[in-house]
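These are my notebook entries on a single structure. I looked up how its strands pair, how its helices are placed and which side chains meet.

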Amino acid sequence: GTTYPMAIFMKKAGIGKHALTVLRKQGLRVIRTGGRAFVRGRDFSEFLATLASDDQATEKETETTGAA
C-alpha cells in the first residue's frame, strides 16, 4: 500500500484542513514521525468502509423507526 505525506493525501482526496480535522475526529488514522504526518492508503480505505457501514446502519435504523 501507498503512504502519503499529509499535503499529498489532502490534495488527492480533495479535502481541506477543516475536513481533515473532522475525519481525524471520526477516527482516520494519521501516522506522525520526524515532525511530519502521513496517511496510509489502506487506512483511508478501511476508514471509508467503516463510515459506509455506519451510514447503512443509520439508514436501516431510520427505516425501522420511521425517524427522519
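**Entry 1. The sheet.** I looked first at strand 2 and strand 3 (residues 36-40), which pair in the antiparallel sense over three bridges. I count two strands as paired if DSSP finds at least two bridges between them. Helices (H or I, at least four residues) and strands (E, at least two) are DSSP runs, numbered from the N terminus. The model is predicted: local features need pLDDT of at least 70, side-chain atom pairs count only at pLDDT 80 or more, and totals for chains, interfaces and linings use all residues. Residues are numbered from 1 along each chain as its sequence is written, and side-chain values use heavy atoms, with hydrogens and water left out.

I noted two bridge partners here: Arg32 stands opposite Ala37 in strand 3, and Ile31 has Phe38 of strand 3 as its partner. Strand 2 and strand 3 form a hairpin with two residues between them. Gly34, in the turn, has a positive phi of about 55 degrees.

I then turned to the other pairing. Strand 1 and strand 3 also pair in the antiparallel sense, over three bridges. The bridge partner of Tyr4 in strand 3 is Val39.

Which order do the strands take in the sheet? The three strands form an open sheet in the order 1-3-2, with antiparallel pairing. Strand 1 (3-5) and strand 2 (31-33) are the edge strands, each pairing on one side only. On average, neighbouring strands of this sheet are turned by 35 degrees against each other, direction ignored. For such angles, axes are lines fitted to C-alpha atoms, for helices over the stretch in contact, and angles run from 0 to 180 degrees between N-to-C directions.

**Entry 2. The whole chain.** I recorded three helices and three strands in the protein. From the N terminus on, the elements run β-α-α-β-β-α. Of the 68 residues, 19% count as buried; buried means under 20% relative accessible area, exposed over 50%, and partly exposed in between (1.4 Å probe, protein chains only). Among contacts between residues at least 6 apart in sequence, 42% join residues at least 24 apart. A contact means heavy atoms within 4.5 Å.

**Entry 3. Helix 1.** I asked which residues of helix 1 (residues 6-13) are buried. They are Met6, Phe9 and Met10. Seen down the axis of helix 1, these buried residues fall within an arc of 95 degrees, so they line one face of the helix. The arc is that of the directions from the helix axis to the C-beta atoms. An α-helix has 3.6 residues a turn, so residues three or four places apart point the same way. The face of helix 1 turned away from its buried side carries the exposed residues Ala7, Lys11 and Lys12.

Helix 1 lies across strand 1 and strand 3, and runs at about 100 degrees to strand 1. Gly14 follows the helix and has a positive phi, near 70 degrees.

**Entry 4. The aromatic pair.** I found one aromatic pair in the structure. Phe9 and Phe44 form this pair edge-to-face, at 4.9 Å centre to centre and with 85 degrees between the planes. Phe9 lies in helix 1 and Phe44 in helix 3 (residues 41-65), so the pair ties together parts that are 35 residues apart in sequence. Rings of Phe, Tyr and Trp (its six-membered ring) pair if their centres lie within 6.5 Å; planes under 30 degrees apart count as stacked, over 60 as edge-to-face and the rest as tilted. Phe9 counts as buried, at 4% relative accessibility.

**Entry 5. The salt bridge and Arg29.** How many salt bridges does the structure hold? It holds one, in which the side chains of Arg40 and Asp43 meet (3.0 Å, N to O). The criterion is a side-chain nitrogen of Lys or Arg within 4 Å of a carboxyl oxygen of Asp or Glu. Arg40 is partly exposed, with a relative accessible area of 22%, whereas Asp43 is buried, at 8%.

Asp43 lies in helix 3. Not counting residues up to four places away in sequence, Asp43 touches Arg29 and Ile31. I followed Arg29 further: this residue lies in the loop between helix 2 (17-25) and strand 2, and is partly exposed, with a relative accessible area of 47%. The C-alpha atoms of Arg29 and Asp43 are separated by 6.5 Å, while the residues are 14 apart along the chain. With residues up to four places away in sequence again not counted, Arg29 touches Phe38, Val39, Arg40 and Asp43.
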